[in-house]
Each structure stands twice: as structure tokens, then as C-alpha cells.
Amino acid sequence: MMRLVKHGLMYGNLFQVSSPSLVGRYNRALEHLTGKTTSLEEFHVDISGFSPEIGDELGDPLYLNPNGCNRQFILLSTTQKTAPLLNASFSTSRSILRRFIDDNEEQLFALSIRDAVVGELVNTVYAIRTPRDLFDIRTIDVEADTVGAHAEASDELSEKIHRFMTEPDGWWDDVLIAEMVELSKHTGDIIRTPISLNSESFEQGNFYTNHYGGLYIFREVKQTACISSKELQGQHDLPVRSVLDLNDRKAIASFLKRNGLVEPILKGRDADAEGILRQKLDFIVIDTAANSGEDLSDVSRRDLRTLKRKYHREFPDEYHALDDVLRRMKKRGGQQWPEPDNPAYFYLLRSKNHRDKQLVNQLLAELTPLDFRQLFICHKDAFYSHYQGWSDAKKTYAAQFLADEYMVDKVGTREELFGPEPSMHDEEPDIGFGLRMGPWGAIPRDDDDDDDDDDDEDDD
């Protein structure tokens, strides 16, 4: 895995904690939340304050995420907002933390100057005992304060100031004035520098969780489904129309099509479809050649052509099916869309531009594991898991390719592969008839002429 770390493909963009003051604040926060401390004098943390080094030291990679539910967080700086979220149990957790930091950035900046901010992503489920428990998670509340409870004290001081200003005898209430003076010693001037944090709730709609080997839960679509990365053992009465696993290719294809979640790469106006498919073919060639013991260092286009001729008969079905699609593309009117049981089928799809775009592309990445680039971009945990089983030659090639071809222009590559990011308008809920659709047709909106887009921050 060190190849990935050296190329910035793993543990990249973490926030460094090295000064004694920050280490001290982190230890106070860690003890406050878990009763534990670290002896490390330098480490790195993600957006939630989780440190892989401290996880190794404590022998507990879930020290801030007990039971994989209700994730706790430690904020030493608002700079953490650009860091990734490691060991995420839910696909929505990072975006919730990012939104919370963005919405309270001034207050968090003021608070974190004097103390670490600690908090929790709270829902009504405290442990996942069965898959059905996941469906009880509907909203996530963000609760936060400093270790010294500065925000709580600020709220209390604000209430006393209101009493002082509005009660008829407030000006002569010596006890009230004394209490205000004592609280202000703790909070500072809350008139000039308000430090009240907004307590926010976020809807948990469609999401992915790593519980039970990985589950994709789609409950805010017309035809609901739970899709598992591995076959669920036993009978589970889940409140969805279909319970599928990745082997149910036809059923998954039907689910994606009926809910209007995907589109063909071949029809994507923002992508060079032929070039994308050729690269997918190259990745399959590399996989076969690496498994055969080929040296893949400094592979050129000419070398790839040689490898294609040499291993043509050994390529998997996915290669021959994709190659057939490419040949048909060059014949006018010769393109014929393959059936879902065709090995190339899911390699030819990408998510449409809707609010669950990242979730759908993540599912497609699991269905097309030979495309290691999409697997890395859309589902890093699955990429790391596959990576460990690859030959040394493929590990070297993949790490170098991603460093040279993806990391230098992540935004451009994502747009080429998956199209533009959804606009803020696509955050509107789907009430079961399709996005912005109701039982009597399209739902009107006051700002239909506003076409501004909001691009997501890269989280690598």
C-alpha cells in the first residue's frame, strides 16, 4: 500500500497535527469523547478528526465511530473541511460534516482558536443489529461544542443578556449581573464575536453503508431496492420492493433503467465515448498481462498493441464484448445496445446528472471492477480491497497511471468520464414520481431561469 501513499492516492490531503498546542487540544478532546489519549507527538487527521496513526496506536480503527454508527468528530481547524473521511460507514457522512463546517465556519474558527470542537452525527439508531435497522435512520442531527462547553455557555449568556435588557428590574439584579460577568470570562465578547452553533438536521435519503459487506439503499426512488455487495445471509424483511446482490445483473439493470438513474456513455455529449471505452479495454489488457507475469513498467501504446496480440485468446469475456461494441461504433447504423447479461453492459453506463450521481457511479464501479480508474474514483474502499490481491506488476502500473493521468487533473477527468456535476436544483426531493415530478406533472419552481451550478470539492 506504500505505493499508493507515496503517490498521494491513500491518506492524501489529511490535516497535519504537529504543534504541541494542537496535540494537547486533540488529547483533551479525545479523552473527553473516549476516555483515551495518544502519546504521539505528530499525526494526521481527516475531516472528522480521525487519525490512522492513532487508530494503529490504540488498535481501534473505529475509536471515533463506535458500532459504525453515530460518528463522533474532533475539529481542530476549519481547514479540515477539505480532507477526506476515512473508514466511513455511510456515504452521506462526509457531505454532512462538510455542510456543517461551511454553514458555521466563522463560529467554528472563533471556537477552535481557544479549544477543540467536539461533536457527533446523531441518529435514533445506536447499533446496527439487523439490516432493517438501517432503514430507521431518517435524519442525522449534528451536535457540537468545545470541550469546555463554550457554545453552551454562550447560549446561556445570551439568554441572561436578554433578561437583563427586557426585565423591568434587570438593571438592579446583582445576581444576574454577577452571573453574566462570570460567563463572559469564559465566552469572551459574544456581541462582537457570536459563537453560537446552528444545530442542524440532514435527511438520510438514498445511501451506501459498509455494514453487512456493503449495502446500497435506494428508498427515495419510484421502485425501491436494497442492493448488497455480498449475498445477504438469512431472510430479511426489508421495506423495499427488491432485495438484490451484485450477481442479479438483469434485475439491477432493470432497477437502474426504470428509475431513470443511468445513461449510456455512448450518448454522453460531454465524453469522448470511443476514447473512454478504449481505455477500459487497456485496463483489461493490463490485468491479463500482469496476471501472466509481464513487466509493465514504462508501457507504451505500441507495447499495449503487442500485449493485445499476445494475450488475445486469454482475455476475459468483458474485453471481447467491449471490443465488439467498439467495432460496431465504426459502422454506420451498426450499433446495437447489448442485453444486461452481456459482460460489457455495465461498462457502457454512467449515472445521469441527479442528486444521487455519486452513489450510482459507485454502484457501477463495483459492477465493473476491471476498470480500476473508476473503482478508485468512485469507491476507494473497494479499490483498496481489490488492490491488495493484485500482482505486483499491476499494483505498480495502476499507482503510476492514477498519479500521472488522474491526480494531475481530477476535476477534468471526472467531467470527461461522468459529465458535469449536478446543480443545487437537483438537491430537491424525489417524492416517488421522479425528480421535480408530482402526481399531476412537473413541479413548478420560482427560479427555473437560474442555471448556476455548484461543483463539489474533491475529497481525495
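What volume does the second largest pocket have? I would like to start there this morning, and I should say at once that we are looking at a predicted model. In this model the second largest pocket has a volume of about 410 Å³, and of the 20 residues that line this pocket, the closest to its centre are Val299, Tyr397, Gln400, Phe401 and Asp404. Helix 15, which covers residues 392-406, is among the elements that supply at least two lining residues each, together with helix 9 and helix 10, the latter running over 301-310. Of these contributions that of helix 15 is the greatest, since eight residues of the lining come from helix 15. If we sort the lining of the second largest pocket by class, we find eight nonpolar, six polar and six charged residues.

Let me step back to the whole chain for a moment. The protein chain has 16 helices and 14 strands, and 49% of its 460 residues count as buried. Taking the contacts between residues at least 6 apart in sequence, we find that 64% join residues at least 24 apart. The chain exposes about 23,400 Å², and 46% of that area is supplied by carbon and sulfur atoms.

From the pocket we can turn to the enclosed spaces. How many cavities of 30 Å³ or more does a search of the whole structure find? The search finds two. The largest cavity has a volume of about 120 Å³, and 17 residues line this cavity, with Asn70, Arg71, Phe90, Ser93 and Leu121 the closest to its centre. Its lining divides into eight nonpolar residues, eight polar residues and one charged residue.

The second largest cavity holds about 40 Å³ of space, and its lining includes Ile265, Lys280, Arg350, Asp371 and Phe418. Helix 9 (273-291), strand 12 (349-351) and helix 16 (410-418) each give at least two residues to that lining, which by class has five nonpolar, one polar and three charged residues. Helix 9 may sound familiar, as we met helix 9 in the lining of the second largest pocket too.

Now I would like to look at one helix in more detail. Helix 8 spans residues 249-258, and within it Ile252, Ala253, Phe255 and Leu256 are buried. Seen down the axis of helix 8, these buried residues fall within an arc of 160°, and therefore they line one face of the helix. On the face turned away from that buried side we find the exposed residues Lys250, Lys257 and Arg258. What do the buried residues of helix 8 pack against? Their partners are strand 8 (215-218), strand 9 (225-228), strand 10 (242-245), strand 11 (262-264) and helix 12 (357-367). After helix 8 comes glycine 260, which has a positive phi, near 60°.

Finally, let us consider a single residue, valine 117, which is placed in strand 4, residues 117-122. Is valine 117 buried or exposed? Its relative accessibility is 1%, so valine 117 counts as buried. Leaving aside residues up to four places away in sequence, valine 117 touches Phe73, Ile74, Leu75, Leu108, Leu111, Ser112, Ala144, Asp145 and Thr146. There is also a separation of 9.3 Å between the C-alpha atoms of valine 117 and arginine 25, although these two residues are 92 residues apart along the chain.

Key:
Residues are numbered from 1 along each chain as its sequence is written. This is a predicted model: local features need pLDDT of at least 70, side-chain atom pairs count only at pLDDT 80 or more; totals for chains, interfaces and linings use all residues. Side-chain values use heavy atoms; hydrogens and water are left out. Buried means under 20% relative accessible area, exposed over 50%, partly exposed in between (1.4 Å probe, protein chains only). Helices (H or I, at least four residues) and strands (E, at least two) are DSSP runs, numbered from the N terminus. The arc is that of the directions from the helix axis to the C-beta atoms. Contact means heavy atoms within 4.5 Å. On a 1 Å grid over the protein atoms alone, a cavity is a set of points where a 1.4 Å probe fits but cannot get out, and a pocket is an open set with protein on both sides within 12 Å along at least five of seven lines; lining residues have an atom within 4 Å of a point. Grid points are joined across faces, edges and corners, and a volume is the space filled by probe spheres set on the points. Ala, Val, Leu, Ile, Met, Phe, Trp, Tyr, Cys and Pro count as nonpolar, Asp, Glu, Lys and Arg as charged, and the others, Gly among them, as polar. Accessible areas come from the Shrake-Rupley method with a 1.4 Å probe; for residues, only the protein chains shown count as cover.
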